[in-house]
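Me: Please take a close look at the cavities inside this protein. I would like to know what lines them and how they sit in the chain as a whole.

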Amino acid sequence: MKYWEICRFEIAYQSRRVSTWLYFPVLLTLTYYMTREIYIDNARRDGYFFNAPFVIAVMTFLGSLMGLLSASQLAGDAAARDVQTRMDPLFYTTPVGKAAYLRGRFLAAFILYAVILLAVPLGLLLAAVVPGPEAELIGPFRPAAYLGAYLSLALPNAFVATAFLFSMAALGRRAIASYLGSLLLFSVVVFSRGFVAGTLEWWDLAKLLDPFGMTVLGELSRVWTPVEKSTRLIGLQGSLLSNRFLWIGIALGVLTLTHFRFRMAHHTARAWRSPA
């Protein structure tokens, strides 16, 4: 059985669960309301478009953070379901190599999470077209801003998050480990942006430490003019490119470590032996 067959099986299995797709409307709704509540007032006050590429980029990053709960469920279930349902002795006896097993399960979780993150650009589009903001606050519709943010910001974040959460669940053999991993990732983002950059003002270090790259946008929000926020696309360049290279490399290293440490063997708890 090839890894792609395992991937298709995992996608089909998780796609049949209501909880998998429940995150999509939740993330779409959160993106819509957060954008309307925050950026209509910001656009009025600071003089940039409500649907500016900068706003799209910031909300894409926030969507990655809000989607961590979804990623935790998908990655944790894919990595640890066999052990927790006690199906691992049966599954491990099939002629499936470790590499195919791990790659197929990881790829399925990543693809499903990437699909769910499509709710972010859709929520941003709805926020811009539903009546509410004044006409002068709405800039021209730029598909490249939405597509670029998804491809260069959301997908790398999805890969990094899925790699860490899947690896923690696979090595810990418990789905709950992925939820602890999402808390850890969130804490690192907050620490990098709030303490390293905000308090210590070590921006260069903070931009590298942030696994999702939000600190890079934090710096751009300070130095870009309203016109730049309204017109400039945020792509993989400069500090953001360095951040992406670093964290994708770390994620690949984590997956490699998981491959070497993972054992396709049934683990049983040791029983206490009563004295003779």
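Reply: Helices here are DSSP runs of H or I with at least four residues, strands are runs of E with at least two, and both are numbered from the N terminus. On that basis the chain reads α-α-α-α-α-α-α-α-α-α-α-α-α along the sequence, that is, 13 helices and zero strands. The model is a predicted one.

Some figures for the whole chain come before the cavities. The C-alpha trace spans about 80 × 40 × 35 Å along its principal axes. Of the 276 residues, 49% are buried. Among contacts with a separation of 6 or more, 81% are between residues 24 or more positions apart. The chain exposes about 13,900 Å², and carbon and sulfur atoms supply 67% of that area.

Now the cavities. Rolling a probe the size of a water molecule over the atoms shows where empty space is left. In this structure there are two cavities of 30 Å³ or more.

The largest cavity has a volume of about 40 Å³. Its lining consists of Thr35, Phe50, Asn51, Val55, Ile56, Leu124, Ala128 and Tyr146. Two helices, α3 (53-66) and α7 (119-129), each supply at least two residues of this lining. Sorted by class, the lining of the largest cavity has six nonpolar residues, two polar and no charged.

The second largest cavity holds about 30 Å³ of space. Ile56, Thr60, Val120, Pro121, Leu124, Tyr146, Ala149 and Tyr150 line this cavity. Here α3, α7 and α8 (143-172) each supply at least two lining residues. The class division for the second largest cavity is seven nonpolar, one polar and no charged.

Read side by side, the two lists overlap: Ile56, Leu124 and Tyr146 appear in the lining of the largest cavity and also in that of the second largest. Helices α3 and α7 likewise each give at least two residues to the largest cavity and to the second largest. Neither the lining of the largest cavity nor that of the second largest has a charged residue.

A charged residue can still be found under cover elsewhere in the chain. Glutamate 10, in helix α1 (residues 3-15), has a relative accessible area of 0% and therefore counts as buried, the cut-off being under 20%. Setting aside its neighbours within four places in sequence, glutamate 10 is in contact with Asp77, Ala78, Arg81, Arg105 and Ala108.

Definitions and conventions. Residues are numbered from 1 along each chain as its sequence is written. This is a predicted model: local features need pLDDT of at least 70, side-chain atom pairs count only at pLDDT 80 or more; totals for chains, interfaces and linings use all residues. Side-chain values use heavy atoms; hydrogens and water are left out. On a 1 Å grid over the protein atoms alone, a cavity is a set of points where a 1.4 Å probe fits but cannot get out, and a pocket is an open set with protein on both sides within 12 Å along at least five of seven lines; lining residues have an atom within 4 Å of a point. Grid points are joined across faces, edges and corners, and a volume is the space filled by probe spheres set on the points. Ala, Val, Leu, Ile, Met, Phe, Trp, Tyr, Cys and Pro count as nonpolar, Asp, Glu, Lys and Arg as charged, and the others, Gly among them, as polar. Buried means under 20% relative accessible area, exposed over 50%, partly exposed in between (1.4 Å probe, protein chains only). Contact means heavy atoms within 4.5 Å. Accessible areas come from the Shrake-Rupley method with a 1.4 Å probe; for residues, only the protein chains shown count as cover.
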